[in-house]
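Biologist: I'd like to learn how to read a fold like this one. Can we walk through it together?

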Amino acid sequence: MTHNRNFDGFIPAFLLNRWARLNPTNLSLLATLAKTQALALDSQTTLPAALRFAVLAAGQGDRRIFDCMESTRLPGTRARHEGDGEYAAFPLVNDAYEFHGDVRRFLTEVCKRNSLDNKGMDLIGSVNYDRGYNNAYFNQRQMVYGNGDQVIFARFIIRSIVGHEMFHGVTHNTSGLEYQGQSGALNESFSDVGGVLVDQFIGNIKASKADWLVGPGLFMPSVNGKALRSMIDPGSAYDDDKLGKDPQPDHMDRIFTGWEDNGGVHINSGIVNKAFALFAIAMDGYAFERPFAIWYAANCGEDRVGANATFQDFADKTMVHCAKIAPRQKNNLKDAWQQVGITVAA
Ligand SMILES: [Zn+2]
C-alpha cells in the first residue's frame with residue numbers, strides 16, 4: 001500500500017485534531033480538516049476547466065494566481081497572472097505572486113530545475129479560499145491558501161510555507177519518498193529545508209545568521225509560538241495553552257514510534273532538520289550552496305535514495321555526495337549526524 005500526502009496540508013491532520021480537542025469552541029479547526037480532505041478528493045477526480053490548459057501544457061513555471069473571494073470553488077477568478085500588474089482587490093495576491101516567483105527563482109538558479117516537474121509546469125495558486133480556512137495545501141496541481149481563523153492563525157501566505165509545499169512537488173517528481181515512517185519524515189524534512197532555504201536565498205542570509213524557522217508569522221501575536229517548526233531547535237517552536245507544546249524530537253533517542261501522523265512524519269522530521277542546520281552552520285557559509293547541493297543530490301539527483309529510505313540510508317547517501325561536492329567537510333557532516341544520534345562512516 002502506498003501512502004500519499006494528499007490529505008495533509010501545511011498544518012497536518014494530527015495537529016488539527018489535537019488543537020480541535022484543546023479548543024472545543026473553535027470550529028474552524030475541524031472544518032479545516034474536513035475541507036482539506038474534500039480538496040484532496042476533488043483533486044483526484046476533477047480538473048477545473050480554467051486549469052486544464054495551464055496544467056497540461058509544458059511551460060516556464062508561469063505564475064497564475066486566482067482569488068476565491070472566500071468561496072470554496074477552485075481555482076476562483078483570475079487575479080494576477082504572469083506579467084500582470086498589481087492586484088488591488090486583495091493585497092495578499094501580490095505576496096502570493098511574489099513568493100511563487102521566489103520559489104521559481106530558487107528552483108531555476110539553485111536547483112537548475114524548470115519548475116516542480118522539471119517540465120515548466122505553471123505555479124498556480126488560489127488565495128482567499130473559504131472563510132477561516134486554517135491551511136495551505138498543494139495537490140500536485142496547484143496551491144490553495146486560506147486566511148486563517150485570526151484567532152490562532154494570522155496568515156498562510158508566507159514564503160517558507162509556499163516553498164515547503166512546492167518542494168513536496170519536487171520530491172514527488174524525484175525520489176518519491178513514501179509518506180510513512182522514516183521515509184515520510186525525510187520527505188517532510190526535505191520540504192522544510194527547501195522552504196527555509198528559499199527565505200535564506202532571497203534574503204541573502206548566511207546559515208549562522210538564519211532563524212531556521214518554518215512558517216514564521218503564522219500564528220497570531222497572542223499565541224506563544226514563533227513558527228510551526230524550528231529546524232535548529234526542534235521542539236521549541238511553540239508552547240501555548242491553545243496548541244500544547246511542539247512535539248518534535250531532536251535526537252534518535254527520542255524518536256516518535258506511535259501510529260499518529262503516518263508514524264510521525266511531521267514529528268521525526270525534526271531529527272533530520274537539525275542535522276542539516278548543524279552541518280550548514282558548521283560549514284559557515286550559505287546553506288543553499290554546498291550543504292543544499294548535497295541534500296538535493298541525495299534526494300533528487302541520479303544517485304539518490306529510494307522511495308523507502310530510512311534516516312540511515314539518507315545520511316549514508318549524503319556522505320557519498322559530500323565526498324564529491326565538499327570533500328573537506330566530511331567530518332562536519334559526520335559530526336552533524338552524530339549529534340542527532342545517527343552514525344555514519346567518514
Ligand atoms: Zn509537508
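Biologist: Let's start with a single side chain. Which residues does F276 touch, leaving out those up to four places away in sequence?

Modeller: Keep in mind that this is a predicted model. Here F276 touches V193, M231, P291 and W295.

Biologist: What is the general idea behind nonpolar contacts of that kind?

Modeller: In soluble globular proteins, nonpolar side chains tend to be buried together. In this case the largest nonpolar core has 96 residues, and Y145, A275 and F276 touch the most other members. Helix 8 (residues 269-283) supplies the largest share of this core, 10 residues.

Biologist: Why does this core lie between domain 1 and domain 2?

Modeller: Because domain 1 (13-172) and domain 2 (181-339) both give residues to it.

Biologist: Now the sheet. What is the strand order, and is the sheet open or closed?

Modeller: It's an open sheet of 5 strands, in the order 2-1-3-5-4, and the pairing is mixed. Strand 2 (77-81) and strand 4 (136-138) are the edges, each pairing on one side only. On average, neighbouring strands are turned by 20 degrees against each other, ignoring direction.

Biologist: How do strand 3 and strand 5 run, parallel or antiparallel?

Modeller: Parallel: 2 bridges join strand 3 (residues 123-127) to strand 5 (residues 143-145). To find your place in strand 5, look for M143, which has G125 opposite.

Biologist: And which helix lies across strand 4 and strand 5?

Modeller: That's helix 5 (residues 159-172), running at about 20 degrees to strand 4.

Definitions and conventions
Residues are numbered from 1 along each chain as its sequence is written. This is a predicted model: local features need pLDDT of at least 70, side-chain atom pairs count only at pLDDT 80 or more; totals for chains, interfaces and linings use all residues. Two strands pair if DSSP finds at least two bridges between them. Helices (H or I, at least four residues) and strands (E, at least two) are DSSP runs, numbered from the N terminus. Axes are lines fitted to C-alpha atoms, for helices over the stretch in contact, and angles run from 0 to 180 degrees between N-to-C directions. Two residues are in contact if their C-beta atoms, placed from the backbone, lie within 7 Å. A nonpolar core is a set of buried Ala, Val, Leu, Ile, Met, Phe, Trp, Tyr and Cys residues joined through C-beta atoms within 7 Å. A residue is buried if 20 or more other C-beta atoms lie within 10 Å of its own, exposed if 12 or fewer, and partly exposed in between; C-beta atoms are placed from the backbone. Domain bounds come from an automatic or database domain assignment.
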